[in-house]
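Student: Can we go through this model together? I have a few quick questions about it.

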Amino acid sequence: MDVAVIGGTGAEGYGLTLRLAQAGHRVTIGSRDAERGAAKADQARQLLGSDVTVEGTDNASAAESPVVIVTVPFEGAAPIYQVIAPSIRPDTIVCDCTSPLMSSVGGRASHAIRPWHGSAAEFLKTLLPKGTRLVAAFHTIGAQALQALDQPVDSDAFVMGEDAEAKAVIGSLIADIPGMRWVDVGGLQMARIAETMTPLLISVNGRYKIHEAGFRITGRDSWGSPQR
């Protein structure tokens with residue numbers, strides 16, 4: 001599958017790039033600077049080997065992919081969404097991973113901000129073309145866990161949005177990462193809860209001096225596919 005990771009030069013985006021490319025997907029790293037994106041892609045190829053397909057370019061060009069995953073800090077999300085919006089087609093699936101943290105305004109990352117729209121995902125959707133197939137996911141997956149390629153990711157990922165097919169596509173990408181499962185938690189408004197779980201994990205990691213805290217849903221293996 002062709003996937004773009006906007007913010008792929010950052011820690012979480014780069015980790016997702018590595019995991020998805022390792023699973024056989026064709027990944028394009030998007031960056032505000034095309035040369036920086038290309039350099040990060042070269043780094044990924046050197047790490048993973050010549051069999052993977054990883055390219056790098058600017059954010060607007062990367063967003064022409066059929067699946068676009070946005071992994072950027074809350075404070076920079078709005079300008080980046082405005083840049084990529086013209087590249088988004090009606091059939092494009094956009095996955096937002098933004099968590100609104102107090103660190104974006106000088107506070108602690110272990111504290112959450114409540115955007116006026118209820119969640120970052122609901123706010124950022126207003127910056128995309130009407131009808132965009134927006135899904136929110138990956139809020140509780142740590143960057144270091146993603147980049148530790150010799151270990152499975154010991155965490156489930158909550159996926160939310162109004163488009164069941166789009167959620168299933170993002171879910172299939174999650175399932176391709178060793179150790180991970182996806183859980184359909186409902187509509188996009190559920191991001192109001194999921195996004196606040198990021199600072200909770202940051203607090204846990206800080207108190208226990210670890211980097212890989214995550215969430216598991218008990219009984220998930222017996223449920224099968226979500227009911228539409």
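Tutor: What follows covers the sheet, two unusual backbone angles, one helix residue and the pockets, all in a predicted model.

Student: Sheet, then. What is the order of the strands?

Tutor: The order is β3-β2-β1-β4-β5-β6-β7-β8, in an open sheet of eight strands with mixed pairing. The edge strands are β3 (53-58) and β8 (181-186), each of which pairs on one side only. Neighbouring strands are turned against each other by 25 degrees on average, direction ignored.

Student: How many residues of β1 are buried?

Tutor: Four of the five residues of strand β1 (residues 2-6) are buried, so β1 is largely enclosed by the rest of the structure.

Student: And how many bridges does β1 make with β2?

Tutor: Five, and the two strands pair in the parallel sense. Within that pairing, Val3 stands opposite Val27 in β2. The connection from β1 to β2 goes through α1, and this β-α-β crossover is right-handed.

Student: What about β1 and β4, parallel or antiparallel?

Tutor: Parallel, with four bridges joining β1 to β4 (residues 67-70). There, Val5 stands opposite Ile69 in β4.

Student: Going outward from β2, how many bridges join it to β3?

Tutor: Six bridges join β2 to β3, and the two run parallel. Gly30 stands opposite Thr57 in β3.

Student: Now β5. Which residues are on each side of it?

Tutor: Ile93 and Cys95 are on one side of strand β5 (residues 93-96), with Val94 and Asp96 on the other. These four residues are all buried, and both faces of the strand are covered.

Student: What does β5 pair with?

Tutor: With β4, by four bridges in a parallel arrangement, and with β6, also parallel, by four bridges. Val94 stands opposite Val68 of β4 and opposite Leu134 in β6. As for the connection, β4, α4 and β5 make a right-handed β-α-β unit.

Student: Different topic. Which backbone angles should I look at?

Tutor: Two residues have a positive phi without being glycine: Phe138, at about 70 degrees, and Lys209, near 55 degrees. For context, most residues other than glycine have a negative phi.

Student: Where is Phe138, and is it buried or exposed?

Tutor: Phe138 lies in the loop between β6 (133-136) and α6. Its relative accessibility is 2%, so Phe138 counts as buried.

Student: And Lys209, buried or exposed?

Tutor: Exposed, with a relative accessible area of 72%. Lys209 sits in the segment after α9.

Student: You mentioned a helix residue. Which helix is Ala194 in?

Tutor: Ala194 lies in α8 (residues 191-194). At 5% relative accessibility, Ala194 counts as buried because the cut-off for that class is under 20%.

Student: How far apart are Ala194 and Ser119?

Tutor: They are 75 residues apart in sequence and 9.1 Å apart in space, C-alpha to C-alpha.

Student: On to pockets. What volume does the largest pocket have?

Tutor: About 850 Å³. The largest pocket is lined by 39 residues, and the closest to its centre are Ala11, Glu12, Thr71, Val72 and Pro73.

Student: Which elements give two or more residues to that lining?

Tutor: They are α1 (11-22), β2 (26-31), α4 (74-84), α6 (143-147) and α9 (197-208).

Student: How does the lining of the largest pocket split by class?

Tutor: It has 13 nonpolar, 20 polar and six charged residues.

Student: And how much space lies in the second largest pocket?

Tutor: About 200 Å³. Its lining has 15 residues, and Ala145, Gln151, Pro152, Asp154 and Glu212 lie nearest its centre.

Student: What is the class split for the second largest pocket?

Tutor: The lining of the second largest pocket has six nonpolar, seven polar and two charged residues.

Student: Back to the sheet for a second. Which strands are at its edges?

Tutor: β3 and β8, each pairing on one side only. Between β3 and β1 in the order comes β2, which is joined to β3 by six bridges and to β1 by five.

Methods: Residues numbered from 1 in each chain as written. Predicted model: local features only at pLDDT ≥ 70, side-chain atom pairs only at ≥ 80, totals over all residues. Heavy atoms only, no water. 1 Å grid on protein atoms, 1.4 Å probe; cavity = no way out; pocket = protein on both sides within 12 Å on 5 of 7 lines; lining within 4 Å. Points joined across faces, edges and corners; volume = space filled by probe spheres on them. Nonpolar A, V, L, I, M, F, W, Y, C, P; charged D, E, K, R; others polar. Buried < 20%, exposed > 50% of the residue type's maximum accessible area, 1.4 Å probe, protein only. Pairing = 2+ DSSP bridges. Right-handed = clockwise from strand over helix to strand, strands pointing away. Axes fitted to C-alpha atoms, helices over the stretch in contact; angles between N-to-C directions.
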